[in-house]
Amino acid sequence: MGAKTLQIDLKEIAYFHRVSDISIDFLKEEGIDGLVVDVDNTIMPYDVDAVPDDIASWLNTAKCILPIVIISNTKPYRAKIIRESLGIPAYGMCLKPVPFSLYVLRNHLKNAKNVAMVGDQLFTDGLYAKWNHLKFIRVEPLSPKDAPHTKFTRWLEKIIFSGAEPLDK
Ligand SMILES: [Mg+2]
C-alpha cells in the first residue's frame, strides 16, 4: 500500500459535533445525494443498544430527503436494531476501511453521484471514504467508551484534529 492511499486532505473533511447537528441545507449545498452512516459512537453510543432520540429523529427526516445505508463494523444485532427501529438498511461486520461492502453501498445508493460517509473515526470511516471516493463528514464520538483496539488511533486523531472547530458552532 503506497503512502498516497493513506493521505487524506484534512481540509476536505466536514466536522460536526453530532449527526443531528448536520444541517440538511449543508447536505444540499454540498450536492450530497446519498449517505453512508457508521453505527458505533456515530449514531449509537458504543456501550448502549439504542439510537438517541435527536439522532433517530434526524435520520427519520434525512431518509425522506436522500437515500441512506448504514455500513458498520458493529455487531450484527446492533445493525438489526437500526433496521427494525428506523427502517434504514443496515449492515454490521463490514470490516471498514477495507471496501468489501462497496457492492452493498452501490446497490443501495444506485442513483447517487455524490455520496458522503458520516462517521466518528478517521482510520476506519475516513479511510473507507477515501478508498471509495466518498466525502467524509466527521462527528465527535458519542461515548468516551470505545473498542480497546482504537486507543492508539484515537490518540492520533486527537493530535491530527486538535483545534478543529465544528461547523455547527
Ligand atoms: Mg464508529
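The following exercises, with worked solutions, concern a predicted model.

**Exercise 1.** Determine which strands stand at the edges of the sheet.

*Solution.* Begin with the strand order: six strands form an open sheet arranged β1-β6-β5-β2-β3-β4, with parallel pairing. Next, consider the ends of this order: β1 (14-16) and β4 (90-91) each have a single partner strand, so one side of each is left without a neighbour in the sheet. These two strands therefore stand at the edges. Inside the order, β2 (residues 34-37) pairs with β5 (residues 115-119) in the parallel sense over four bridges. In this pair, Val37 stands opposite Val118 of β5.

**Exercise 2.** Establish how the buried residues of helix α3 are placed around its axis.

*Solution.* First, identify the buried residues of α3 (residues 76-86): Arg78, Ala79 and Ile82. Viewed down the helix axis, the buried residues fall within an arc of 105°, so they line one face of α3. These buried residues pack against β3 (68-71) and β4. The face turned away from the buried side carries Pro76, Tyr77, Lys80 and Glu84, which are exposed.

**Exercise 3.** Decide whether Asn41 and His133 are buried or exposed.

*Solution.* Locate Asn41 in the loop between β2 and α2 (53-65). Asn41 has 23 other C-beta atoms within 10 Å. A residue is buried if this count is 20 or more, and exposed if it is 12 or fewer. Asn41 is therefore buried. His133 lies in the loop between α5 (122-131) and β6 (135-139). With 8 other C-beta atoms within 10 Å, His133 is exposed.

How values were computed: Residues are numbered from 1 along each chain as its sequence is written. This is a predicted model: local features need pLDDT of at least 70, side-chain atom pairs count only at pLDDT 80 or more; totals for chains, interfaces and linings use all residues. Two strands pair if DSSP finds at least two bridges between them. The arc is that of the directions from the helix axis to the C-beta atoms. Two residues are in contact if their C-beta atoms, placed from the backbone, lie within 7 Å.
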